[in-house]
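Let's take a walk through a protein chain together, starting with its strands and ending at a few unusual spots in its loops. Have a look at the picture first, and keep it open as you read.

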Amino acid sequence: MEIIDGKLIASKIKKELAAKSAEIIDRGDRAPHLVAVLVGEDAASQTYVSSKEKACKEVGFTSTVYRLETKTTEKQLLEIIDFLNNDDDVDGFIVQLPLPQHINVQNVIGRINPEKDVDGFHPVSLGRMMLGEPTYLPATPYGIMQLLERSNIQTSGKHCVVLGRSNIVGTPISVMLSRKANPGNCTVTVCHTGTKKLKEIAATADILIAAMGQPAFVTADMVKEGAVVIDVGIHRIEDTSEKGYHIVGDVKFDEVAPKCSYITPVPGGVGPMTIVSLLMNTFKAYNKSEK
């Protein structure tokens, strides 16, 4: 059993991006610029945006954050998006989810210029992905693909079972892995809460991607010997430790890991790759804007 070290792989990609950024700055051009728009006080969102700011600094990108009050109206948010769409010094931006309930998420995502949609959530971005055309891939699935590629995990001809069908992870990764590409060329089965005999189907997977959003959902009897397991989940579980909590994934790691050929830990697996993928998309957007 080998651990897929997302922290290590993310660190290598950051070094690659930092070298490219240094070349840009050395020739007198501006650095790639990523903007995040954060509405409200969601703790997880604030942590993610802070991590994004830190990552941008590490690779030499410019980072800007718009921190807006929870009571910000949808109209006000759309006006900010319009401003960012038209700002030539901004290569890409994200509107951090979740948004307050009074704001329509699809209206917001649809307002973003697809050329700056480095989260890869715009219908145009997703449509291009479905057609196999160049686009910005959603950050978490893109990170999973990087983990597989950089760990030299063979995917062609393998049976991949994806647990979860969200538009953020499950559905995009199922499409990416079914493509005639490397990584890819898998036979993909998508399971969800309505799937009958889910455990039995999961146990047939050569590659199992757990994105159900349920802590410790995947147990040893759902994993076949030698499978590759990618754990997308991240959950804060309260306990009596000094921190007051510990982090777990969608996979019961201690009992599943001994059966695996490769497995991602939580934390330190998929998580670090999500922000790095966002940076990679930003660099692509920068190259487009500078042509």
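Before anything else, one idea to carry along: two strands count as paired if DSSP finds at least two bridges between them. Keep in mind, too, that what you see is a predicted model.

Now put that idea to work. Strand β8 and strand β11 (residues 260-263) run parallel and are joined by 3 bridges. One pair of partners to find is V229 and, in β11, I263. If you wonder what holds such neighbours together, strands of a sheet pair through backbone hydrogen bonds, either parallel or antiparallel.

β8 has another neighbour as well. Strand β7 (residues 207-210) pairs with β8 in the parallel sense, over 4 bridges. Here you can look for A210, whose bridge partner in β8 is D231.

Let's stay with β8 a moment. How many of the residues of this strand are buried? The strand covers residues 227-231, and 5 of its 5 residues are buried. To make sense of the next bit, recall that in a regular strand the side chains alternate between the two faces of the sheet. In β8, A227, V229 and D231 point one way, while V228 and I230 point the other way. Residues of both groups are buried.

Now zoom out to the sheet that β8 belongs to. In which order do its strands come? The order is β1-β11-β8-β7-β5-β6, which makes 6 strands in an open sheet with parallel pairing. At the edges sit β1 (2-3) and β6, and each of these pairs on one side only. Over at the β6 edge, strand β5 (residues 159-163) runs parallel to β6 and is joined to it by 5 bridges. Try spotting L163 there, with C191 as its bridge partner in β6.

Parallel pairing isn't the whole story, though. Strand β9 (residues 235-238) and strand β10 (residues 245-248) pair in the antiparallel sense, over 4 bridges. Within this pair, R236 stands opposite I247 in β10. β9 and β10 form a hairpin, with 6 residues between them. In the turn you'll find G244, which has a positive phi of about 90°.

Speaking of phi, two other residues have a positive value without being glycines. One is N185, with a phi of about 60°. N185 sits in the loop between α7 and β6. Is N185 buried, partly exposed or exposed? Its relative accessibility is 34%, so N185 counts as partly exposed. The other is K197, where phi is near 55°. K197 lies in the loop between β6 and α8 (198-202). With 63% relative accessibility, K197 counts as exposed because the cut-off for that is over 50%.

Back in the loop between α7 and β6, C186 is worth a stop too. C186 is buried, with a relative accessible area of 8%. Which residues does C186 touch, once you leave aside its neighbours within four places in sequence? They are T155, K158, C160, L177, S178 and I207.

That loop holds one more oddity. The peptide bond joining N182 and P183 is cis, with omega at about 0°. P183 lies in the loop between α7 (170-178) and β6 (187-191). Another cis bond runs from L97 to P98, with omega near 5°. P98 is in the loop between β4 (92-95) and α4 (105-111).

Finally, step back and look at the whole chain. It has 10 helices and 11 strands. Its C-alpha atoms fill a box of roughly 50 × 40 × 40 Å along the principal axes. Why can we call the chain's size a match for a compact globule? For 291 residues, such a globule would have a radius of gyration near 19 Å, and the chain has 19 Å, so the values agree. Of the 291 residues, 49% count as buried. Among contacts with a separation of 6 or more, 68% are between residues 24 or more positions apart. As for the outside, the accessible surface comes to about 14000 Å², and 51% of that belongs to carbon and sulfur atoms.

Methods. Residues numbered from 1 in each chain as written. Predicted model: local features only at pLDDT ≥ 70, side-chain atom pairs only at ≥ 80, totals over all residues. Heavy atoms only, no water. Rg over C-alpha atoms; globule rule 2.2 N^0.38 Å. Buried < 20%, exposed > 50% of the residue type's maximum accessible area, 1.4 Å probe, protein only. Contact = heavy atoms within 4.5 Å. Areas by Shrake-Rupley, 256 points an atom, 1.4 Å probe, with all protein chains shown as cover.
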